[in-house]
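The exercises below ask you to work through a ligand site, a metal site and a group of aromatic rings. Each task is followed by a solution in steps.

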Amino acid sequence: MEQNGVLILEDNIIEVNNLEYFFDEIKAVDDISFKVRKGEIFSFLGPNGAGKSTVINILTTLLPMQKGRVTIAGHDLRTEPEKVRESIGIVFQELTLDRDMTVQEILEYHGRLYSMPKTQRQARVDELLSLVELEAKRNVLTRHLSGGMKRRLEIARGLMTRPKVLFMDEPTIGLDPQTRIRIWEYVRDINRQGTTIFLTTHYMDEADQLSDYISIVDHGQIIATGKPWELKNALGQDIIYLETSDNQGASNILEGLDTVRGVRDKSKGIIVMVNVDGTHLLPEIMEKLQKGGIKIRVVNLKKPSMDDVFVHYTGRELRDTGTEKTVVVKPGGR
Ligand SMILES: Nc1ncnc2c1ncn2[C@@H]1O[C@H](COP(=O)(O)OP(=O)(O)OP(=O)(O)O)[C@@H](O)[C@H]1O
Ligand SMILES: [Mg+2]
């Protein structure tokens with residue numbers, strides 16, 4: 001973009017404003033806005049039914065735009081959907097490989113579909129099979145691949161046309177821990193080579209370890225957004241879990257301390273978020289509670305994790321299916 005003769009680098013590769021989507025009367029996407037910077041790994045983290053796939057499906061033109069504005073790689077999704085499609089690659093949540101094609105055929109066919117010339121196609125297939133370590137399976141039917149190999153092939157297919165943005169919907173769902181870590185390595189490699197990644201996940205560790213930027217999505221809305229460390233730091237420097245003879249009394253005492261950012265109930269105990277090094281504060285906390293006649297039964301001290309961030313903003317664990325909702329103040333974001 002040029003303004004007053006000065007070249008301005010367009011660093012947002014995706015811009016989404018006030019996106020909404022209804023499946024009949026179900027509001028799956030509820031006024032979502034966010035930006036993805038060129039070259040970053042951006043994640044949507046949220047539970048089942050949060051609306052992650054719906055957003056990805058709209059952005060990749062598989063679902064129609066109902067309300068809102070989306071720009072991808074400088075193209076308006078409503079007016080230039082085919083330009084958007086040329087700029088992106090997609091890895092779906094469900095496996096979508098033809099069972100009766102070989103690994104090589106899947107990639108070849110995808111290249112042909114996008115009118116890649118033959119020599120380019122062949123070179124790209126070789127390059128990608130090497131990236132996802134499937135050279136040895138080149139002539140094997142996809143029905144004979146393991147789940148992890150299928151996923152790797154789908155990633156390779158998504159990259160076939162050298163997209164500017166790769167969309168990945170739950171890239172490691174249902175895979176064993178080693179395969180998941182392997183796929184994270186591919187994602188980092190792809191990203192280092194210049195591809196922007198937009199991924200959805202309900203795995204806290206995946207979002208935490210892979211992303212430059214995370215938006216936590218719940219009930220069709222973005223409820224918190226930031227870099228992983230920013231989201232975690234917002235909860236405090238340390239988290240202390242206490243089970244005591246009087247949790248309510250303990251909360252009342254601790255909430256009054258300057259060094260305590262907040263106290264929350266958790267099943268049999270309380271979670272105390274602290275602004276200082278917990279190892280130094282803990283003796284003071286124990287002394288205060290003892291003076292108040294409260295006995296401590298269990299103590300645990302740790303750094304805030306992405307799970308804690310999720311519970312903090314949604315009011316529940318990711319595995320819970322409850323629909324209760326806490327009202328939260330959105331942190332700054334960008
Ligand atoms: N084809 C559809 N018809 C009707 N409702 C749908 C359809 N697809 C999704 N929904 C509803 O829209 C909401 C969001 O679903 P979506 O698939 O986007 O969630 P998600 O975050 O991707 O969940 P998951 O983690 O399970 O993949 C849910 O309430 C879901 O039931
Ligand atoms: Mg989904």
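A polar contact is a pair of N or O atoms within 3.5 Å; within protein, one must be able to donate a hydrogen and the other to accept it, and residues adjacent in sequence count only if both atoms are side-chain atoms. The model is predicted, so that local features need pLDDT of at least 70 and side-chain atom pairs count only at pLDDT 80 or more, while totals for chains, interfaces and linings use all residues. Residues are numbered from 1 along each chain as its sequence is written, chains are lettered from A and ligands numbered from 1 in the order in which they are written, and side-chain values use heavy atoms, with hydrogens and water left out.

**Exercise 1.** Find the polar contacts that an oxygen atom of ligand 1 makes with N48, G51 and K52.

Solution. Begin with N48, where an N or O atom of the side chain is 2.9 Å from an oxygen atom of ligand 1. Next, a polar backbone atom of G51 is 3.0 Å from an oxygen atom of ligand 1, and for K52 the distance from a side-chain N or O atom to such an oxygen is 2.8 Å. Finally, ligand 1 taken alone exposes 640 Å², of which the protein buries 62% (Shrake-Rupley method, 1.4 Å probe).

**Exercise 2.** Identify the protein donors of the magnesium ion, ligand 2, and place them in the chain.

Solution. Donors are N, O and S atoms within 2.8 Å of the metal (3.2 Å for Na, K and Ca), and sites may look incomplete because water is not among the atoms. Here they are OG of S53 and OE1 of Q93, lying 2.0 to 2.2 Å from the ion. Since S53 lies in helix α1 (residues 52–59; helices are DSSP runs of H or I, at least four residues) and Q93 in the loop between β8 (88–91) and α3 (103–113), the pair ties together parts that are 40 residues apart in sequence.

**Exercise 3.** Classify the ring pairs that F198 forms with F34 and with F42.

Solution. Ring centres must lie within 6.5 Å, and planes under 30 degrees apart count as stacked, over 60 as edge-to-face and the rest as tilted. For F34 and F198, 5.7 Å centre to centre and 40° between the planes give a tilted pair. F42 and F198 are stacked, at 5.6 Å and 25°, and this pair links strand β5 (residues 41–45) with strand β10, 156 residues apart. F198 is buried (under 20% relative accessible area), with a value of 0%.

Notes:
Phe/Tyr/Trp six-rings, centres within 6.5 Å; stacked < 30°, edge-to-face > 60°. Helix = DSSP H or I, 4+ residues; strand = E, 2+ residues; numbered from the N terminus. Buried < 20%, exposed > 50% of the residue type's maximum accessible area, 1.4 Å probe, protein only.
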